[in-house]
Amino acid sequence: MLEMIPEQILEIKMKKLISAFLLIVLSATQNVFASTREIASCIRRTACQKTFVVAHRSNGFGAPENSREAVEKATRAGVDIIEIDVRLSKDGNIYVLHDNALDRTTNLQGPISQKISVELEDAILANDETLPMLQDIHDIALGKAILNLDFKSNAIEKIVKWIAHSESFDDFIFFVDTIEEMESAAVLKTRYPEMIVMAREKSNISLENIEKVFGTLPEIIHTDFPTKESVEYLHKKKVKVFANVLAAEKTFWPIKQLAEHWIFAYETDFIQTDYPREWLKKLKRAKKSLEKKYNFGVVYSGQLFRSRA
């Protein structure tokens, strides 16, 4: 067998390193998960570097926000994470609704917090659906997409008890936006460590505040204004970063393009958007661009294959 000279060995090692790097990046730009268990596993593991598109209020598919139809269409489109809003009715049942008032999205008027479930049976959305309960939405997303729960009522304990009794924590992200919610989640997470928690850093709640409440930083930090330095810092702490592009999407060029640039440049782990279909396409284009740039395939069983770019 012929011996390879050191230059040839170095070249092979470099190609394998580049190929391995490309494999990591490409896995972050395509939907590769067969179940919410796999999605949740990736979120919990620092080494899994996929970028997740999050459908804000299940928007982007031509159906009313927070509706059964919207969630169904989002899962069919391959969205891994769907953000929904949860509120309690007067009799303590959990509904999916953004506003406290029913007026904007249903045919009823007044606060949901002042109506019992029998009354809410008459609440109809623009697509003629009845107002969904959390159980209804969960049944649709089950096994296909994780539900990112935005608490408009502090129903954290109620939902955790329901999940612990009959469901899986792999199906939910608990988004906590206030110190009160964080304190509730922190107590419950000591009992149910498999909970995936996302805490929001903002002007009146620092990372130090969050760490003090939980004892450590939770799996995900939500930030509206990520910087390269802040994302790198959180990644070193083995925390994933959730970023909004909602405000930028309401603006015009070049703000939208700048937002897209920093999302890719800063390597945030979650992109929350009202246009998930477009962001899925952008990530797919990014994958193709990387394939063409490096002109390498991926490593299978230690072998390097060139792409056909």
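What follows is a set of questions and answers about one predicted model.

Guide: This is a predicted model, in which local features need pLDDT of at least 70, side-chain atom pairs count only at pLDDT 80 or more, and totals for chains, interfaces and linings use all residues. Residues are numbered from 1 along each chain as its sequence is written, and side-chain values use heavy atoms, with hydrogens and water left out.

Visitor: Why is A243 called buried?

Guide: Buried means under 20% relative accessible area, exposed over 50%, and partly exposed in between, with a 1.4 Å probe and protein chains only. A243 has a relative accessible area of 0%, so A243 is buried.

Visitor: Which residues is A243 in contact with, leaving aside its neighbours within four places in sequence?

Guide: Contact means heavy atoms within 4.5 Å. With those neighbours left out, the residues in contact with A243 include T223, P226, W262 and F270. A243 itself belongs to strand β8, residues 240-244. Strands (E, at least two residues) and helices (H or I, at least four) are DSSP runs, numbered from the N terminus.

Visitor: What makes strand β4 largely enclosed by the rest of the structure?

Guide: Strand β4 covers residues 146-151, and 6 of the 6 are buried, so the strand is largely enclosed. I146, N148 and D150 point one way, while L147, L149 and F151 point the other way. In a regular strand the side chains alternate between the two faces of the sheet.

Visitor: How do you know that β4 pairs with strand β5?

Guide: Two strands pair if DSSP finds at least two bridges between them. There are 4 bridges between β4 and β5 (residues 172-176), and the pairing is parallel. D150 has F175 as its bridge partner in β5. From β4 the chain passes through helix α6 (residues 156-166) to β5 in a right-handed β-α-β crossover. Right-handed means that, with the strands pointing away from the viewer, the path from the first strand over the helix to the second runs clockwise.

Visitor: Which strand do 6 bridges join to β4?

Guide: That is strand β2, residues 81-88, and the two run parallel. Here D85 stands opposite D150.

Visitor: What makes the link of C42 and C48 a disulfide?

Guide: A disulfide is a pair of cysteine sulfur atoms within 2.5 Å. The S to S distance of C42 and C48 is 2.0 Å, so the pair meets that definition. A search of the whole structure finds 1 disulfide. The link is left-handed, with -90° about the S-S bond.

Visitor: Are C42 and C48 buried or exposed?

Guide: C42 is buried because its relative accessible area is 0%. C48 is at 13%, so C48 is buried too.
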